[in-house]
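Subject: Structure for you to look at, with notes

Dear colleague,

I am passing on the structure we spoke of, and below it you will find my notes on what turned up when I went through it. Please read them with the coordinates open beside you.

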Amino acid sequence: SLHSSWCTNGHLMCAGCFIHLLADARLKEEQATCPNCRCEISKSLCCRNLAVEKAVSELPSECGFCMRQFPRSLLERHQKEECQDRVTQCRYKRIGCPWQGPYHELTGHEAECTHPTKTGNELMEILDEMDQTHKKEMQLYNSIFSLLSFEKIGYTEVQFRPYRTDDFITRLYYETPRFTVLNQTWVLKARVNDSERNPNLSCKRTLSFQLILKSKISSPMECSFLLLKGPYDDVKINPVIYHFIFTSENNETEYVPLPIIDSVECNKLLAAKNINLRLFIFQIQK
């Protein structure tokens, strides 16, 4: 990212480092500070330096494929459309060719690619494997569409707020205020790296969450549920459907992964003051 921020004393940091500093401070229960002068930093105290961003966009940067230098502002277009060494895939990928290589070798490969000359039986085996992968993806989306036809569906925006445990070494966890969905009262909790002792020392960051039914119920309540990004958030979450039968004796789900696509996205959530997501609950009627 070309975005840059500066602290109140004018020290610069890139967007990635800035978010990482805020996330680390949240994990360690400390005020984030500038690595140069130790003054306090936060999203409100720091501001983007547009003059520096413009200057940086004109600085030469190296293409990751051909190693030639280009102004940063032109690099993305070069790497996607113009570089002769950019990684590309065979046109017969759709019938199973796994080849990928530099763009300048593409024509030569496609002229010799064996996939167009394979027999129908050979291609059927390859396509069958590809179909299985596609089928798993479609099953997920069909499951979601099926849930949307249920009689009892509830959804709400939820806001996870950060809290600390009372342990000797405090741990960061998150909890939502109580909310009402399907005429029942619920709470969501989340934890970092499944309560690993020192998640601030880990490069890999994950979040897991549990759904808790706070209302008293007289008969079991079978539900499917999933978390998605909120209406105004840009966090990348893969949809995963979870299933649980709530009873008066067992009203808490296990902790399950919040399916964020990677640690970078997780750091974005950790750096934020609160985590805003959207929860869907589907009640299964017998």
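The structure holds 8 aromatic pairs, and since I will begin with one of them, please keep in mind that this is a predicted model. The pair in question is formed by Phe209 and Phe225, whose rings meet edge-to-face, with 6.2 Å from centre to centre and 80° between the planes. This contact links distant parts of the chain, given that Phe209 belongs to strand β12 and Phe225 to strand β13 (residues 221-229), with the two positions 16 residues apart in the numbering. Both Phe209 and Phe225 are buried. Elsewhere, ring pairs bring Tyr155, Phe280 and Phe282 together into a cluster.

Phe209 leads on to the strand that carries it. Is strand β12 (residues 207-213) largely enclosed or largely open, and why? Strand β12 is largely enclosed by the rest of the structure, because 7 of its 7 residues are buried. In a regular strand, side chains alternate between the two faces of the sheet. In β12, Leu207, Phe209, Leu211 and Leu213 point one way, while Ser208, Gln210 and Ile212 point the other way, and all of them are buried.

The strand pairing around β12 can be followed residue by residue. Strand β11 (residues 184-192) pairs with β12 in the antiparallel sense, over 7 bridges, and within this pairing Val187 has Ile212 of β12 as its bridge partner. Strand β15 (residues 256-257) also runs antiparallel to β12, to which it is joined by 2 bridges; here the bridge partner of Phe209 is Val256 in β15. Phe209 is thus a residue to look at twice, as it has a bridge partner in β15 and a ring partner in Phe225.

Two arginines are placed over aromatic rings. The charged end of Arg191 sits over the ring of Tyr255, at 3.8 Å from its centre, and Arg86 lies over the face of Tyr103, at 4.1 Å from the ring centre.

I then turned to the charged side chains. Side chains of opposite charge can pair when their charged atoms come close. The count comes to 4 salt bridges, and I describe some of them here. One of these joins Glu76 and Lys80, with 3.2 Å from N to O; both residues lie in helix α3 (residues 72-82), 4 residues apart, which is about one turn of the helix, and both are exposed.

Arg77 takes part in two further contacts of this kind, one with Glu81 at 3.8 Å from N to O, and one with Glu82, where the closest N and O atoms are 3.3 Å apart. Through salt bridges that share partners, Arg77, Glu81 and Glu82 are joined into one network. Arg77 and Glu81 are separated by about one helical turn, because they are 4 residues apart in helix α3. How do the members of this network stand with respect to exposure, taking Arg77 to begin with? Arg77 has a relative accessible area of 53% and therefore counts as exposed, the cut-off being over 50%. Glu81, at 52%, is likewise exposed, whereas Glu82, with a relative accessibility of 40%, counts as partly exposed.

With best wishes

Key:
Residues are numbered from 1 along each chain as its sequence is written. This is a predicted model: local features need pLDDT of at least 70, side-chain atom pairs count only at pLDDT 80 or more; totals for chains, interfaces and linings use all residues. Side-chain values use heavy atoms; hydrogens and water are left out. A salt bridge is a side-chain nitrogen of Lys or Arg within 4 Å of a carboxyl oxygen of Asp or Glu. Buried means under 20% relative accessible area, exposed over 50%, partly exposed in between (1.4 Å probe, protein chains only). Two strands pair if DSSP finds at least two bridges between them. Rings of Phe, Tyr and Trp (its six-membered ring) pair if their centres lie within 6.5 Å; planes under 30 degrees apart count as stacked, over 60 as edge-to-face and the rest as tilted. A charge sits over a ring if NZ of Lys or CZ of Arg is within 6 Å of the ring centre and within 35 degrees of the ring normal.
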